[in-house]
Each structure stands twice: as structure tokens, then as C-alpha cells.
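Here's a quick walk through some packing details, from a helix face to the cores and the cysteines. Have the structure open as you read.

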Amino acid sequence: MTELSKYRNIGIFAHVDAGKTTTTERILKLTGKIHKIGEVHDGESTTDFMEQEAERGITIQSAAVSCFWNDHRFNVIDTPGHVDFTVEVYRSLKVLDGGIGVFCGSGGVEPQSETNWRYANESEVSRIIFVNKLDRMGADFLRVVKQTKDVLAANPLVMVLPIGIEDQFTGVVDLLTRKAWVWDETGQAENYKIEDVPADMVDMVEEYREQLIETAVEQDDDLMEAYMEGEEPSMEDIKRCIRAGTRTMAFFPTYCGSAFKNKGMQLLLDAVVDYLPDPVEVDPQPLTDEEGNETGEYAIVDADAPLKALAFKIMDDRFGALTFVRIYSGRIKKGDTILNSATGKTERVGRMVEMQADERNELDSAQAGDIIAIVGMKNVQTGHTLCDVKHPCTLEAMVFPEPVISIAVAPKDKGGSEKMGIAIGKMIAEDPSFRVETDEDSGETILKGMGELHLDIKVDILKRTYGVDLIVGEPQVAYRETITQVTEDSYTHKKQSGGSGQFGKIDYVIRPGEQNSGFTFKSSVVGGNVPKEFWPAVEKGFASMMQTGTVAGFPVLDVELELVDGAFHAVDSSAIAFEIAAKGAFRQSMPKAGAQLLEPVMKVDVFSPEDNVGDVIGDLNRRRGMIKDQQAGVTGVRIKGDVPLSEMFGYIGSLRTMTSGRGQFSMEFSHYSPCPNSVAEKVIAEVKERKAAEAKK
């Protein structure tokens, strides 16, 4: 067992194409885990082992690998950069203690870098910055450093300076030791010399070294005082201060290099050991009650405490179902029985493995700080807590974004239905942002996801991995409904047909609720006209109707119902009568309250070469977009805006045509906003048409 101070659980995250996977490959090569480097562009990298990843040259699911450097154990997770797969980044950050944010030397801080950085800030994960691809045209280390300040509001602490730039990039100067690391042109990481600082860089090195020490000693008042009086702190003290500031995110040690050309990687790995926290130094995970409220207790990282672990990812592969687990405290041994606090059921640990991307090494035991995979667990889902049977507890759960796009699918042959059902069941367990439901009217299977690429990949996985050929319908937008006016109304449910009848009368006010408030209920009935025991039935009846609005049958958002009065019958009134009355009240009053259709609006971030900016903005305006901001960079312009999702289908094709293939974009859900009448009428007509066609069937 490795002692906990020697553990580093780290993630590598960045925008699409900044070089995360290549950086991971170099770490594995340097730490002796792989002997031949696989390149992303050849579809041969270790962590991109899915067929879809190899073909498209992108990372789709996070992959875990373990390796050793300077007698420290690294558990490394390579995460996707594409916005449709941010759930992978989010859940990886949840279980990591530190991270490496990779930025492209020429592209700088790109759209997805911002989202990932924001997630990491929310998860309070300490980070090192690595500016990659300094050998590329247009690369500029100091420009990217400035961007991290301006765009991410981060405080980068420059630890190295590049020697040469673009095709002249040969190495880096370590500011702390004032030594130059220079690599030859073989592209081998081990072929370097440590030399004196080049003469033309001496002044610059001294200037940046002074800034580095000044920032570091702010972490220790005594050292700062001594430094102000002209006494330089020891190397050990400086490193201790940098470690403290990195841990509290006061600053982010910033390195640079070229992962592809194997330059600058050793210093990055040393920085992970020197400055990123071990599992014990990170704030412990809070424990919660069944409702998800914090109890004030924490999962202290301690191998001798009772077991507390979080299942953060489920993966189905050729060896069976794998449950990825981060152990916060205690130990797990082969053959142990552990409790899943979410289901209340126990599970036996059969096989445990340490992951090397898609290879695995069998384990007999694991302890606090480890990230492992358990084979064959039956009822565990992402976010479930695994704990000691005698000490049940619940770790803070994960919250996943709601899907914004859906498609209808059907198997091409009749025998495919059962196969598709089993496959989709496994895929939902793996990816909590992927949902499936059956349309009650048409019986169609509806897949829901975070974007076109997300669903495209899912359909591809169904075809290749599970052998299910699908007929895929047009993408559907997840519209919503709400109300715009306050309405006072009354509804009576009365049924007499011999024997005991049903009676329930309610007087109520419905009004628009606060944004994102969902459905809220309150009662101001006095005098017992509607007895208290029937209030929950009124709430339940109304809430059950919120899934199907009166405009076009979409779920309803942000409605507040206040029960103000009513009447009951001593014999005929019952909870069911009041529940039916509430359902009738919903149907009666929603149209009166100015029900309207809402559409999902996406936060869109487009990169365009300067020559095409006018065309791109004109096109976004035609798509009913609201342009919020434009930022000119060295290689082009970033345009930020809000655009309705329904207008963004197939956008990548249009963008590539306008920009001769050089444009890029990313988008994520922002908010729901009222549909213009013309759009609402079209959507309502389409829904009616669809229902009529289904009725004929």
C-alpha cells in the first residue's frame, strides 16, 4: 500500500483539441506505463480506446489510468473536451483532488476551457496550468497567461519561460532553479540537457522570478517580512508557499511545453508531486441525510476509518459491468460485503481491478485515496454511496444537467426491440445525462441528450457495440410551458351514481412562479372549509398534471398554486375526490392564466476567422440569435450569444461552409425563454399533426 501523502488523484481537462489526451499519453510514457506512444490523430492513443473516439479524434468518456513518478502514485483521469460530454468532466472533478488545465498555445482560452474551469472552481479542485502546443504557428505563452487572467479571472503563477517560440521552440527555463531545460530534435522526452539560462533571457528570467517569489511568500507573513528586508527564502520555503497557495486556489502554477514533441513534460510531472494536494490535504467530502441536506459530518480520508466510497462512473465493456469507485475512507477487500446506502441493499465485492484505460490489473484490496473499478456490481448507479454495513452514511450526491434535445428511434428489424432495450439500459447506467422514455401516445422510444453529437454517438454505439440498427427520427426540441397571468378560479368535482358519491370543491389562485421554482403549493384556507388532510391531495393532483401542459402537451414550469377556500361533504368527500378536483382545475385554469410555450435557449460560443465575422453574425441573427459579446484574438474572433436550440440544428455544416472549414463552435443550455407566436403556432400545429397521424395508425 502506498502511503496517502504519496497519492495524487488528478484530472486532465481542457477545450476540444488543446492536447489533453496527448498530454496523458506523454505522462504514461514518461512514467513507464506504455512503451510505444499512440497518437490521437492516428486513432491509437491509450485512453481513447472506443472506436468512436479513435475515428473522430475526440475523447467521449473519461478514462482512468494509474502510474508512478518519483515514488508517487498518480491516478490520472483524461476527460472529454466537447461540450456534449461535460457530464464526464463534472463527475470526474467530483472525485479528484487536483487537476491539470491544458490550454492551446495558439488557441488560448477557448469556450469549453471556460466551462471546465467553472466546474473546477465550483468543485474547489486545485489546478496547475499547462500551456501546450508552443511549437505551433501563432503560439504565444505570455498571451495565453494574460487570457487566463482576463477570461477566467484566474491568477496564473508563471513557473517557467519558453526558449524560442513556434518552430524555434527548444525548451524551457525553470525560474526557481534558473536552469534551462533544452531538448534535441529527436522528439524523445529523455534527450535533454540542463544548461545555463540563454544570455538574451537573463533579465526576463530575473523579472519573472521576482514576481514568482513575491506572490509565493504572500502565503507566509514571516517569510514575507524577511523577503521585504532583502533576505531570499530557501527553495524549500518557496515550494512550501507555492503548495499552500495552490491548495487554496490563491494562484495556479503555470507551465508550458509541447506534449506532442515531448518537451517540458518532466517539469509538469514534478509540479504535480510538489504542488498538487494529496487526498488528506483536500477538504473532506460532506455527508448528507436522505433528502440531500448536509449533516455537518464529513468523510475524513483515513484508511483505518469505516468504509466510505462514491461510485462515480459505470462502464459496460467486454469484461462486464465496471463500477468506478473513489474510496474516501476505510478499505475494501476482495470478498467483503458492503452497503449501498441509496438502495439499502448489500453487495459482495467479487473482483476489484486497477484500470489502465481498457487494460486492468487484478487487486486483492484497496484503501482510502484509491480510484478503482469493481466488477459485476448489480444495483449501483452513478452517485451512489458505498459504505460499511455497520456504519451507514451518504456522501453528497451528484447533480446532472437536464437533456435539451431528443430523437425518436425504432429498431430496423422486429427482433431488435429486446436487444435495444437491454443495450439502452446499460447506456443509461453509464451516462446520467442520457435519458430514454416511451411516448405514451405513439409507443415510440425517445432518446434524450445534451446535443446532436451526444445522440449521434449513442446511436453509433448502439449499432457497433450492441449490433442494433436503428431508424432515427428528426431531432426534437424539449419545449416547456408556463403561465403569464394571475388567475382566481373555482372548481367542483361532484359525482353521484348510487351509493357513496364523490365531492370536492376548491377555490384557488394560480400565478406565475419564480424562475426555476418548478411547482409550489400553499394553502391559506381558514375555518376548515377544506380539511387539512385533503390539502396534500390537492397538491398531488395539480403536481401530477404539470408533466402535460394545455398548450401543446409539454411539461409546465414555474407555477404557484394557492388554495384559498372550498367546500367538502362529510360523507362524500375523500382525498381522491379532491385530487380529481385539482386535476380538473388545472385543465380549466391553465388556458385562462395566459399559458405560453417556452423554448430552450443555448449559450453559443463561435470562433470565426476575422474575414468571416460579418457572415457569421448575420447568420446567427437570422437564427434569432442575440449577440452578447465579441472578442478579437490573434487567430480570429470569438462571438458569444444566445440562440434558440431549434435554430441550431446542423449549424456546424453552415459554419464550416461560411469559414472554409476554419470555424468552430460550442454551445450549452442557458435558459428557457418565451417562443415568438409564429414559432409557437408552428410547434402546436406539428404536435397536432403528429397526434392525428398516430391516431390513424
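In this predicted model, the buried residues of helix α15 pack against three elements: β34 (596–608), α14 (613–622) and β37 (664–674). Which residues of α15 are those? The helix covers residues 651–658, and its buried residues are Tyr-651, Leu-655 and Met-658. Look down the axis of α15 and they fall within an arc of 65 degrees, so they line one face of the helix. The spacing fits a general rule: an α-helix has 3.6 residues a turn, so residues three or four places apart point the same way. After α15 comes Ser-660, with a positive phi near 55 degrees.

Now for the nonpolar cores. The largest one has 65 residues, and the members that touch the most others are Met-159, Ile-242 and Tyr-255. Helix α9 (residues 265–275) gives this core its largest share, eight residues. A second, separate core holds 44 residues, among them Ile-457, Val-459, Val-477 and Val-687.

What does Ile-242 touch, if you skip residues up to four places away in sequence? Its contacts are Leu-157, Met-159, Leu-176, Leu-212, Ala-216, Phe-251, Pro-253 and Tyr-275.

Next, Thr-385, which sits in strand β23 (residues 385–387). Leaving out neighbours within four places in sequence, Thr-385 is in contact with Ala-309, Leu-310, Leu-339, Asn-340, Ser-341, Cys-393, Thr-394 and Leu-395. With Leu-395 there's also a polar link: a polar atom of the Thr-385 side chain lies 2.8 Å from the backbone nitrogen of Leu-395.

Cys-393, one of those contacts of Thr-385, brings us to the sulfurs. How many disulfides are there? The count comes to zero. Why does Cys-393 not form one? Its closest cysteine sulfur is in Cys-387, 4.4 Å away, and that is too far for a bond because the cut-off is 2.5 Å.

Three residues with their relative accessibility, for reference:

| Residue | Relative accessibility | Class |
|---|---|---|
| Thr-385 | 1% | buried |
| Cys-104 | 4% | buried |
| Cys-393 | 10% | buried |

Thr-385 counts as buried because its 1% is under the 20% cut-off. The cut-off also makes Cys-393 buried, at 10%.

Notes
Residues numbered from 1 in each chain as written. Predicted model: local features only at pLDDT ≥ 70, side-chain atom pairs only at ≥ 80, totals over all residues. Heavy atoms only, no water. Buried < 20%, exposed > 50% of the residue type's maximum accessible area, 1.4 Å probe, protein only. Helix = DSSP H or I, 4+ residues; strand = E, 2+ residues; numbered from the N terminus. Arc of directions from axis to C-beta. Contact = heavy atoms within 4.5 Å. Core = buried A, V, L, I, M, F, W, Y, C linked by side-chain atoms within 4.5 Å. Polar contact = N/O pair within 3.5 Å; in protein donor to acceptor, adjacent residues only side chain to side chain.
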